[in-house]
Amino acid sequence: MLNSVLLLFVLIFAGCSNEPGSGINSQKTLQADDQKLLVDQETAAKAEEEIKNIEEVTDVVAVNDKKLLLLGFKVKQFDKFRTKQIEKKVKERLSKSFPDYEITASSDLKIFIETTKIKNKLADQSSKERTKKMEKVIKLSNEQT
Amino acid sequence: MFQTFFWAFVVGGLICVVGQIMFDVFKLTPGHTLSSLVVAGAILDGFGLYEPLIDFAGAGATIPITSFGNSLVHGALQEAEKHGIIGVLTGMFEVTSSGISAAIIFGFIGALLFKPKG
Amino acid sequence: MLEGQSTWIFENKPVIISTATVGGPFEANGNISDDFDILHEDLWLEQESYEKAHKVLFEEAFTKAIEKANLTKEQIQFILAGDLINQITPSSFAARTVGSPYLGLFGACSTSMEGLAIGAYITNYGGADYILTGAASHNAAVEKQFRYPTEYGGQKPPTAQWTVTGAGAAIIGKIGNGPQVTSATIGRVVDMGLSDPFNMGGAMAPAAVDTIMAHLRDRHINPSYYDLIVTGDLGQIGHEVSIDLMKEKGLNINETNYQDCGLMIYRKDQPVLAGASGAGCSATVVYGHLLNRMKQGEFKKILVVATGALLSPLSFQQKESIPCIAHAVSIEYGGE
Amino acid sequence: MTKKNKKLTTEQQKYQKLQKKRETKRPVITNCIKAFLVGGFICTIGQALQLFYIYNFNFTQKTAGNPTTATVIFFAMLLTGFGVYDRLGQYAGAGSAVPVTGFGNAVISACIEHRSEGFVYGVGSNMFKLAGSVVLFGTFSAFVVALIRTLVMKWGGF
């Protein structure tokens, strides 16, 4: 009995600890595209800058493609009580500054993590892949409890 | 990260202290105490106060039974937004089902596996 | 013969010719484990339910008592027994096993002395040669019925008591060797309006005091007549309150000669909160420990006042207060 | 209490006063500290699980509560089955009763206890004998609260 329970635990924890860390392939070949990438992520960088200036926000990460802007941020512990209002404020600011983009902004930790992941691998993926991943995160953020 | 854990501990612990006071000072039975806490959670959510607490304390607010009342209200309100008044009735368990279904399933499994130790 | 209000004097001095006590693991670990005839390591007694285990406790006590008296089942003319479980099924089922005519009793935790009193009365007036009487309780079965499931993590307050897993049985004979039952006082139902099921001792103390006073009054004796006055299962709180109450009523009792079965059975470091309780508490302590001490000559006259709380889970949920009762029986050995 | 006292005779009242003096007081402060520590600890474990689900699975902060609840109830099953939870409950009081593990324990302990009466009338009928009131009052109060909120939003417009 006890053994089977232990086994179950081992399975649960072992099955989940493999962080996606593969795909660091051929970074050099893509270096030529770096310049392009920078221009490409200009909106995201600007958005990050803007949101970072909000007093309650401690950390921001953003990515964009041609139409979508995805932004995750963290809120100071004691301002978490007002998470909803802050989220609203962030969204309002972004839609004012970037009216051409479809904006998703969330303080949810998961969104922050996933956005960071996309951002860190910008160079490794085609813009199509990126859009696909972004859409996935956006869908996740719209999930209700 | 540390802060997240710290406040989960503190807020969760404080909600338990409220329960303990209801046990010891007001001499309520566990049944009465837990029922009252659930009702309190529902009412707090009605005023929009419980969600901020969850944002603040994470599991410190979702693990205590008070969150059960909160998520029942949430489920009802979500459905009400979509389907109007009737959604209040139908959406109730939309969100909370995990606690109840887990309790039912593990309860049954427990009955299969264990005998009361006395 | 009736004396005073509610006391029977047994002129023919019925004899407790044998006794047997059975206990569970918690009792085996306790203070008076040497005084048990049979001790079980397993709370289940190898049965598939606690209720069945409860019945087995009873059966073993009955069988052992008959065996110790050198009698056969057929010689037992009547069985008087009771317990706390719904419709006293463990008693009835155990009586089915023995097969003798049977009267089921319910006096909650006072059943032991209720049975002894009635048994002695019947034997005294020639109604029987041998009567088997007893009471039992099983911790988990009683908890299940009166409180919460045994594995439920509810916190018990320090006033709560621990239900004994045990059965005590005695055979009362018209003639023979052994402690004699000399008198009995039947108690009345006393209700002081307390309603906390986790403080039985506090609720039962007035009933114990009422019966003790009635007994002393009816027999025109002082508490010092007895070497020991012992209550059934008042526990720490009930014991102290009863002393206070007697003092208030002008009865000064010698505190060393006034004790409680609920405080004898377990060791101090066992987690029993205010003490022991249950129908098996007074039955095992009196029929085992105390009669052994009498036989060793430590006491000549004792008065056993078994106390019972006559509530049900239903009644306290319906916010009824807890009516209580106590029956007193005097046992004498080696006197005169 | 005062309402009850009116029905009592003077003798009863007098006795209750006397009894009160001897009644062991519940150690409220120590109980509260224990409840705080154990309750806080359970919530911290919950928090760790929640982060675990966020980092390793497709759960957001919002949705991670569900698997977390299920997991802690699973733990509650093990602790209940091995006879640990009732001891923990005696020590921690509300600290182990108020978290959702306590709800799980209420259901699971009833299931295990009434196994002897069979699966239909034992386990099935009794599983909610303790936790049922939580479900009832939770559901009904949520119904009332949500109804009021919906009506207010519709007509009050806020």
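How many residue pairs are in polar contact between chain D and chain B? The count is ten, taking pairs with both residues at pLDDT 80 or more. Keep in mind that this is a predicted model.

**Where chain D meets chain B**

Let's stay with that interface for a moment. On each side, 69 residues take part: 69 from chain D are in contact with 69 from chain B. Together they bury about 5600 Å², and carbon and sulfur atoms give 79% of that area. Just one salt bridge turns up across the interface. Its partners are Arg26(D) and Asp24(B), with the closest N and O atoms 3.5 Å apart.

Several helices of chain D give two or more residues to the side that touches chain B, including H4 (65–81), H7 (100–113) and H9 (132–156). The largest share of that side comes from H3(D), with 18 residues. Sorted by type, the chain D side has 42 nonpolar, 19 polar and eight charged residues.

Chain D itself is assigned a domain 1 (30–127) and a domain 2 (131–158). The C-alpha centres of these two domains of chain D lie 26 Å apart.

**Two domains inside chain C**

Chain C is also split in two, with domain 1 covering 8–173 and domain 2 covering 180–332. Their C-alpha centres are 18 Å apart, and the contact takes 53 residues from domain 1 of chain C and 57 residues from domain 2 of chain C. About 4600 Å² is buried between the two domains of chain C, 66% of it on carbon and sulfur atoms. On the domain 1 side, Cys109(C), Met113(C) and Gln161(C) lose the most area, together 16% of what that side buries.

What about charges and polar pairs? Between these domains of chain C there are zero salt bridges, but 24 residue pairs are in polar contact, both residues being at pLDDT 80 or more. Elements that each supply at least two residues to the domain 1 side include strand S3 (15–23), helix H4 (111–124) and strand S7 (130–137) of chain C. H4(C) gives the most, with six residues. By type, that side of domain 1 of chain C divides into 30 nonpolar, 17 polar and six charged residues.

One residue of chain C to look up is Ser91(C), found in helix H3 (residues 89–98). Ser91(C) is buried, at a relative accessible area of 0%. Beyond its neighbours within four places in sequence, Ser91(C) is in contact with Phe58(C), Ala81(C), Gly82(C), Asp83(C) and Tyr102(C).

**Salt bridges within chains**

Over all chains, the structure holds 23 salt bridges. Here are three of them:

| Acidic partner | Basic partner | N to O distance |
|---|---|---|
| Glu56(A) | Lys89(A) | 3.4 Å |
| Glu114(A) | Lys110(A) | 3.3 Å |
| Glu67(C) | Lys64(C) | 3.7 Å |

Glu56(A) sits in the loop between helix H3 (42–52) and strand S1 (57–64) of chain A, while Lys89(A) is in helix H4 (residues 83–97), so this pair ties together parts that are 33 residues apart in sequence. Glu56(A) counts as buried at 7% relative accessibility, whereas Lys89(A) is partly exposed at 32%.

Glu114(A) and Lys110(A) share helix H5 (residues 109–120) of chain A, four residues apart, or about one turn of the helix. Both are buried.

Glu67(C) and Lys64(C) likewise lie in one helix, H2 (residues 50–68) of chain C, three residues apart. Lys64(C) is partly exposed, with a relative accessible area of 23%. Back in chain A, salt bridges that share partners link Glu56(A), Asp79(A), Arg82(A) and Lys89(A) into one network.

Terms used:
Residues are numbered from 1 along each chain as its sequence is written. Chains are lettered from A and ligands numbered from 1 in the order in which they are written. This is a predicted model: local features need pLDDT of at least 70, side-chain atom pairs count only at pLDDT 80 or more; totals for chains, interfaces and linings use all residues. Side-chain values use heavy atoms; hydrogens and water are left out. Domain bounds come from an automatic or database domain assignment. Contact means heavy atoms within 4.5 Å. Buried area is the accessible area (1.4 Å probe) that two parts lose on being put together, summed over both. A salt bridge is a side-chain nitrogen of Lys or Arg within 4 Å of a carboxyl oxygen of Asp or Glu. A polar contact is a pair of N or O atoms within 3.5 Å; within protein, one must be able to donate a hydrogen and the other to accept it, and residues adjacent in sequence count only if both atoms are side-chain atoms. Ala, Val, Leu, Ile, Met, Phe, Trp, Tyr, Cys and Pro count as nonpolar, Asp, Glu, Lys and Arg as charged, and the others, Gly among them, as polar. Buried means under 20% relative accessible area, exposed over 50%, partly exposed in between (1.4 Å probe, protein chains only).
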